Amino acid sequence: MGGTYELLTGVNAGASVYGQDPLWLAWVSDLNNLKLSDPTTYQHLLDTVHPARFKAGQVIIAASSLIGIGLAMYHCVDSDKRAQYKPMFLSACLAVLLTGVTEPIEFMFMFIAPVLYVAHAVLTGIAFALVDVMDLRIHAFGLIELLTRIPMMVSAGIGGDLVRFALVSIVFFGVNYGLFRVLIVKFKLPTPGRMGNYLDESSESMSEDEKMDIIIQNLGGRANIVEIDACMTRLRITVNDPQLVAEYALWKPTGALGAVIKEQGVQVIYGPGVDVIKSRLVEKFSAQPA
């Protein structure tokens with residue numbers, strides 16, 4: 001995805017590059033190499049090639065929109081529970097901002113308040129459309145990667161894109177924060193920490209061993225588990241019989257933000273700490289008799 005690009009400079013000149021990230025890096029590298037040596041080709045490349053456009057909109061969403069949404073939901077938490085919910089919202093916002101993975105915040109509202117997800121979808125569409133009407137040739141999976149790429153972008157002559165990106169991000173942060181706060185209050189939506197949507201207090205006193213036992217039980221037992229894996233935010237399990245997998249209500253006490261079951265694949269959203277859960281689950285799984 002992202003198209004095909006033919007390298008113009010370097011030892012691999014003439015070779016084709018595929019995929020959004022390799023393509024963008026190859027394009028920026030060519031811009032840097034051509035800027036002084038061949039200004040005409042440099043300008044033509046800058047004007048005619050716009051790599052990985054479909055990804056740039058997501059950078060706006062992760063860097064600003066969802067942070068505004070997260071702050072709006074936090075400010076709508078019952079005042080007596082904000083101290084309890086602050087770490088949860090802070091970790092979710094940091095995960096989105098630093099890694100570009102949007103799920104930790106999206107799964108806080110997409111199932112319990114569909115109207116919020118519709119609003120999020122519309123604003124996301126607008127963010128992606130902006131990439132086609134102005135130069136926003138930004139490509140990075142999270143703030144950490146973006147910071148490492150700023151020097152090469154400035155050197156390539158697209159530093160102005162960074163300025164436009166910053167301004168767009170400020171606008172989208174404000175619009176998303178204001179809209180979501182109004183919608184949550186006006187429609188009395190049960191986002192986390194309000195109107196009965198509270199953390200299961202029993203999870204606070206639950207030991208890690210007990211949590212792993214519940215996860216295995218929710219997956220239909222040891223015999224139903226085929227494979228255990230994880231990505232940046234999700235526990236990914238392959239099972240024999242998806243009918244034996246528990247509904248989300250039974251996952252919530254383990255700290256899950258959501259659960260998706262599709263055929264034999266089970267994805268449980270825990271956020272950036274999921275690797276620890278995976279390791280402990282594999283350990284627990286291995287220790288139990290077949």
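**Group meeting: the largest pocket, a hairpin and Arg137**

Four elements, α4 (82-99), α9 (208-218), β5 (258-262) and α11 (274-287), each contribute at least two residues to the lining of the largest pocket. Before going on, a reminder that this is a predicted model.

The volume of that largest pocket comes to about 810 Å³. Its lining has 35 residues, and those nearest the centre are Met88, Leu199, Gly255, Ala256 and Leu257. What is the split of the lining into nonpolar, polar and charged residues? There are 21 nonpolar, 8 polar and 6 charged residues in the lining of the largest pocket.

Now to β5, one of the elements that supply the lining. β5 pairs with strand β6, residues 265-269, in the antiparallel sense, and the pairing runs over 5 bridges. At the level of residues, Gly258 has Ile269 in β6 as its bridge partner. The two strands make a hairpin with 2 residues between them. In the turn, Glu263 has a positive phi, about 55 degrees.

Last item, Arg137. Where does Arg137 sit? Arg137 is in the loop between α6 (114-133) and α7 (143-155). Is Arg137 buried or exposed? Its relative accessible area is 9%, which is under the 20% cut-off, so Arg137 counts as buried. As for polar partners, the side chain of Arg137 reaches the backbone oxygen of Leu46 at 3.4 Å. Leu46 also appears in the contact list of Arg137, which leaves aside neighbours within four places in sequence. The other residues in that list are Trp24, Trp27, His50, Met153, Ile158 and Asp161.

Notes
Residues are numbered from 1 along each chain as its sequence is written. This is a predicted model: local features need pLDDT of at least 70, side-chain atom pairs count only at pLDDT 80 or more; totals for chains, interfaces and linings use all residues. Side-chain values use heavy atoms; hydrogens and water are left out. On a 1 Å grid over the protein atoms alone, a cavity is a set of points where a 1.4 Å probe fits but cannot get out, and a pocket is an open set with protein on both sides within 12 Å along at least five of seven lines; lining residues have an atom within 4 Å of a point. Grid points are joined across faces, edges and corners, and a volume is the space filled by probe spheres set on the points. Ala, Val, Leu, Ile, Met, Phe, Trp, Tyr, Cys and Pro count as nonpolar, Asp, Glu, Lys and Arg as charged, and the others, Gly among them, as polar. Buried means under 20% relative accessible area, exposed over 50%, partly exposed in between (1.4 Å probe, protein chains only). A polar contact is a pair of N or O atoms within 3.5 Å; within protein, one must be able to donate a hydrogen and the other to accept it, and residues adjacent in sequence count only if both atoms are side-chain atoms. Contact means heavy atoms within 4.5 Å. Two strands pair if DSSP finds at least two bridges between them.
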